[in-house]
Amino acid sequence: MDTAFRALAEVVERLRTDCPWDSAQTWASMRPYVLEEAYELCEALDRGEAAEVRKELGDVLFQVLLLSRIAGDRPDGAFGVDDVIRGITAKMIERHPHVFDPDHARSEADVGIEAWEARKARARAGGSALDGVPDALPALLRAHRVSEKAARVGFDWPDAPAVRRKVDEELVELDEAIAAGDAGAIEEELGDLLFALVNLGRHLPVSAEDALRTAIRKFEGRFRRVEAGLAAEGRSVHEVDIDALEARWQAAKREGG
C-alpha cells in the first residue's frame, strides 16, 4: 500500500476508534455526506479548477475509506478497503479485455459506452435491461440513463422529430389535466412531459441535466444583475412591481450572459 494511502487509512482508523462522531456513523448516516461530497466534486470538475478537484477527490476518497472501515465493524465483518480495491481492479480488467487479455481479438466494438454496457449486461445475465441506474441519481439524469438503456435494445423513437411530436402530445394531455383541475393527473402528465423532453434532448443530442443546469445558472446571473442594479439605486426586488422587474430582466438579457 502506498505510504500516503496508508497514512490516510491510519487516520480513518484512529477517527473510527477515538472520535465520538466518526465512531457513531453508519452506512445510513453517511449517505447524505457521500452525496454532498460527490456533488461538490462534480461542481469542481465543472469549474475546471485543479486545486479544487484535488481537494474534492480527497473528500470522496475519505468517504470511501470511512465507509469501508464501517463495513469492518458490522457483525458479518462485511469487507475492508483492500476488498474494495481488489474488487474494482478485477472488474476493470474483466470489462476491458481489449486492453488486458492478450488472446482477445480486438475490434472497434470493444471500445466505448456501448461495449461497456454490453459487458455489464452479460455480467447481470437474467436481470432487466434497465438495471444499473441508481435511484439516487438526479431525476433528469436518471431519466436519460433509463431511456438510453431502453434504446440499446431497440425501444426508442426513430429520430428527434418523432420525439418532438411526443412532446406536443404530452403538452396537450397536460393542458387537459390542468383544465380538469385533477392534481394527480397534472403531476402525472407533467412527469410524462419532462420525460419526453429528456428524450428529445437525448436525440438532439443534449443532456437535459446539463441543459437545465446551464439555464439555472443563466437565470441566477440575470436575476442577480437585476438585484445589483436595484441595490445601486437604494432599492430591492421587494420594492418594485412585476412590470419594473420584467423591464430590468429584459435589459439584463440584452446585456448578454
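This note sets out numbered points on helix α1, salt bridges, aromatic pairs and residue Q25 in a predicted model.

1. Length of helix α1. Helix α1 comprises residues 3-18, a run of 16 residues. At 1.5 Å a residue, a helix of that number of residues should span 22 Å, and the C-alpha atoms at the two ends of α1 are indeed 22 Å apart, so the expected and modelled values agree.

2. Buried side of helix α1. Three residues are listed as buried in this helix: F5, V12 and R16. Because they cover an arc of only 35° around the axis, they lie on the same side of α1. The cover over these buried residues includes α2 (20-24), α4 (50-73) and α5 (81-95).

3. Opposite face and start of helix α1. On the face turned away from the buried side, α1 carries the exposed residues T3, A4, E10 and R14. At the start of the helix, the backbone nitrogen of A4 has a side-chain oxygen of D2 within 2.9 Å.

4. A salt bridge inside helix α1. The whole structure contains 21 salt bridges. One of them joins the side chains of D18 and R14, with an N to O distance of 2.4 Å. Both residues belong to helix α1, and because they are four residues apart, about one helical turn separates them. D18 counts as partly exposed, since its relative accessibility is 48%. R14, in contrast, has a relative accessible area of 55% and is therefore exposed, as the cut-off for that class is over 50%.

5. A salt bridge between helices α1 and α4. The side chains of R69 and E13 form a salt bridge at 2.6 Å, N to O. This pair links distant parts of the chain, with R69 in helix α4 and E13 in helix α1, 56 residues apart. R69 has a relative accessible area of 21% and is partly exposed; the limit for a buried residue is under 20%. E13 is also partly exposed, at 36%. The two residues belong to a network of salt bridges that links E13, R16, R69 and D73. One member of this network, R16, is among the buried residues of α1 noted above.

6. A salt bridge at helix α12. E233 and R248 form a further salt bridge, their closest N and O atoms being 2.8 Å apart. E233 lies in the loop between α11 (208-232) and α12 (242-255), whereas R248 lies in helix α12; the pair is 15 residues apart and links distant parts of the chain. E233 is partly exposed, with a relative accessible area of 44%. R248 is partly exposed as well, with a value of 23%.

7. Aromatic pair W21 and Y33. The model holds four aromatic pairs. In one of these, the ring centres of W21 and Y33 are 5.5 Å apart and the planes stand at 75°, so the pair is edge-to-face. W21 lies in helix α2 and Y33 in helix α3 (residues 27-47), so the pair ties together parts that are twelve residues apart in sequence. Relative accessible area is 42% for W21, which is partly exposed. Y33 is likewise partly exposed, at 35%.

8. Aromatic pair W27 and F79. The rings of W27 and F79 have their centres 6.0 Å apart and their planes at 20°, so this pair is stacked. W27 is in helix α3 and F79 in the loop between α4 and α5; the pair therefore ties together parts that are 52 residues apart in sequence. W27 is partly exposed, with a relative accessible area of 34%, and F79 is partly exposed with 29%.

9. An aromatic cluster. F219, F223 and W249 form one aromatic cluster. Of these residues, F219 and F223 fall within the range given for α11 (208-232), and W249 within that given for α12 (242-255).

10. Residue Q25. Which loop holds Q25? Q25 lies in the loop between α2 and α3. Its relative accessibility is 8%, so Q25 counts as buried. The side chains of Q25 and S29 are joined by a polar contact of 2.8 Å. When neighbours within four places in sequence are left aside, the contacts of Q25 are R16, M30, Y33 and I70. Two of these residues appear in earlier points: R16 as a member of the salt-bridge network, and Y33 as the partner of W21 in the edge-to-face pair.

Technical notes: Residues are numbered from 1 along each chain as its sequence is written. This is a predicted model: local features need pLDDT of at least 70, side-chain atom pairs count only at pLDDT 80 or more; totals for chains, interfaces and linings use all residues. Side-chain values use heavy atoms; hydrogens and water are left out. The expected span of a helix is 1.5 Å times one less than its number of residues. Buried means under 20% relative accessible area, exposed over 50%, partly exposed in between (1.4 Å probe, protein chains only). The arc is that of the directions from the helix axis to the C-beta atoms. Contact means heavy atoms within 4.5 Å. A polar contact is a pair of N or O atoms within 3.5 Å; within protein, one must be able to donate a hydrogen and the other to accept it, and residues adjacent in sequence count only if both atoms are side-chain atoms. A salt bridge is a side-chain nitrogen of Lys or Arg within 4 Å of a carboxyl oxygen of Asp or Glu. Rings of Phe, Tyr and Trp (its six-membered ring) pair if their centres lie within 6.5 Å; planes under 30 degrees apart count as stacked, over 60 as edge-to-face and the rest as tilted.
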